[in-house]
Amino acid sequence: MSLRRTANSYLRRLTGYEVRQYRPPAPQPVAKSKRKPPPPTLHDFTKLSVQLEVSPDDLLAALGWPVDEVAKVVDEFDELNDQLKQRYTERQTLFPERWGVEQGTGLTLYGLTRLLKPATVVETGIADGRSSFMILSALDRNGHGTLYSFDVRPDAGSLVLGHPRWKRTVSDAKEPRRSFTEVIDGLDTIDLFLHDSDHGYPNQMFEYESAWPKIPPGGVLASDDVDLTKAYVDFATRIGARPQFLFDRRKILGAIRREAA
Ligand SMILES: C[S@@+](CC[C@H](N)C(=O)[O-])C[C@H]1O[C@@H](n2cnc3c(N)ncnc32)[C@H](O)[C@@H]1O
């Protein structure tokens, strides 16, 4: 009989207790943190760009367009806004209005499309089609160009439905990347790209990485809601780009213009 068992039989009789070998508790699996990674700070933006612009005119000028050319296209915007208001009365809209791009972002998209005179524009995230309306109106005024838009909702885009320059793809909601990749693989270049779909980091990064190789010198990679995750600042840092940012009331729009070759 071992010493411990002998001692324990005495102890049990005298006290009701016994001595046991200490066994540390089995380690518990560490629960994965469900907390989202932190969004970018003001410092993340100012590290990449001198300042955040608050006016679309200044953003367009900071991207390299002459101030007088910018002023001309900005002057066209009031008329466009009236047309958009009218369109809202004629079409049935389905999405919360706050999903649509802000006024300054709308003007920036119109201005970018007028100044770039793109053959091909791609946007992800249509909702009722505010951003699509801005881009298509500019393409009409330019007299050429096609907008390829992507959404997972088949009812997206009522504001621009039937527009002859518009090609809408309704992506499979379970696999939206597949439809997106299939369509953009077929495009030679994307002169202007706008991200405004799923604003999670992985999807934002996926879209920037997919679109960037197709953007020619002088073309623009724009993204709404770059303040929600660090994807845009990380992407810009990785490719060594110098983006410009528009602080538009409650969101930040980012725009990277690819340098001329
Ligand atoms: C912020 S809203 C777009 C607003 C639109 N750009 C406008 O100005 O009216 C986001 C849209 O992205 C769509 N969406 C969400 N995830 C998507 C994905 N992975 N691919 C394409 N669209 C997606 C949603 O159905 C929604 O209509």
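**An eight-stranded sheet, its helices and two cores**

In this predicted model, eight strands form an open sheet with mixed pairing, in the order 1-7-8-6-5-2-3-4. Strand 1 (52-53) and strand 4 (166-170) stand at the edges; each has a single partner strand, so one side of each is left without a neighbour in the sheet. The partner relation at one edge is easy to follow: strand 1 and strand 7 run parallel and are joined by two bridges. Here glutamate 53 stands opposite leucine 246 of strand 7.

Helices pack on this sheet. Helix 7 touches strand 2 (120-124), strand 3 (146-151), strand 4 and strand 5, and its direction makes about 170° with that of strand 3. Helix 9 touches strand 2, strand 5 and strand 6, with an angle of about 175° between its direction and that of strand 5.

Turning to the interior, the largest nonpolar core has 39 residues. Trp65, Leu112, Met134, Leu147 and Val220 are the residues with the most contacts inside this core. Both helices and strands supply it: two or more residues come from each of helix 3 (56-62), helix 4 (67-75), helix 5 (77-90), helix 6 (103-116), helix 7 (130-142), strand 5 (192-195), strand 6 (220-223) and strand 8 (251-257). Apart from this core lies another, of 27 residues, which include Tyr208, Ala211, Val226 and Ile256. Such grouping follows a familiar pattern, as nonpolar side chains in soluble globular proteins tend to be buried together.

Tryptophan 65 offers a good place to look at the larger core up close. Leaving aside residues up to four places away in sequence, tryptophan 65 touches Leu60, Val70, Leu112, Leu115, Leu116, Val220 and Arg257.

Helix 10 (231-239) also has an inward-facing set of residues to explore: Ala231, Tyr232, Val233, Phe235 and Ala236 are buried. These buried residues pack against helix 2 (42-48), helix 9 (201-211), strand 6, strand 7 and strand 8. After helix 10 comes glycine 240, with a positive phi near 70°.

Positive phi values are also found in two residues other than glycine. Aspartate 225 has a phi near 60° and lies in the loop between strand 6 and helix 10. Arginine 249, with a phi of about 65°, is placed in the loop between strand 7 (244-248) and strand 8. Their surroundings can be told apart by accessibility: aspartate 225 is buried, with a relative accessible area of 7%, whereas arginine 249 is exposed, at 67%.

Key: Residues are numbered from 1 along each chain as its sequence is written. This is a predicted model: local features need pLDDT of at least 70, side-chain atom pairs count only at pLDDT 80 or more; totals for chains, interfaces and linings use all residues. Side-chain values use heavy atoms; hydrogens and water are left out. A nonpolar core is a set of buried Ala, Val, Leu, Ile, Met, Phe, Trp, Tyr and Cys residues joined through side-chain atoms within 4.5 Å. Buried means under 20% relative accessible area, exposed over 50%, partly exposed in between (1.4 Å probe, protein chains only). Helices (H or I, at least four residues) and strands (E, at least two) are DSSP runs, numbered from the N terminus. Contact means heavy atoms within 4.5 Å. Two strands pair if DSSP finds at least two bridges between them. Axes are lines fitted to C-alpha atoms, for helices over the stretch in contact, and angles run from 0 to 180 degrees between N-to-C directions.
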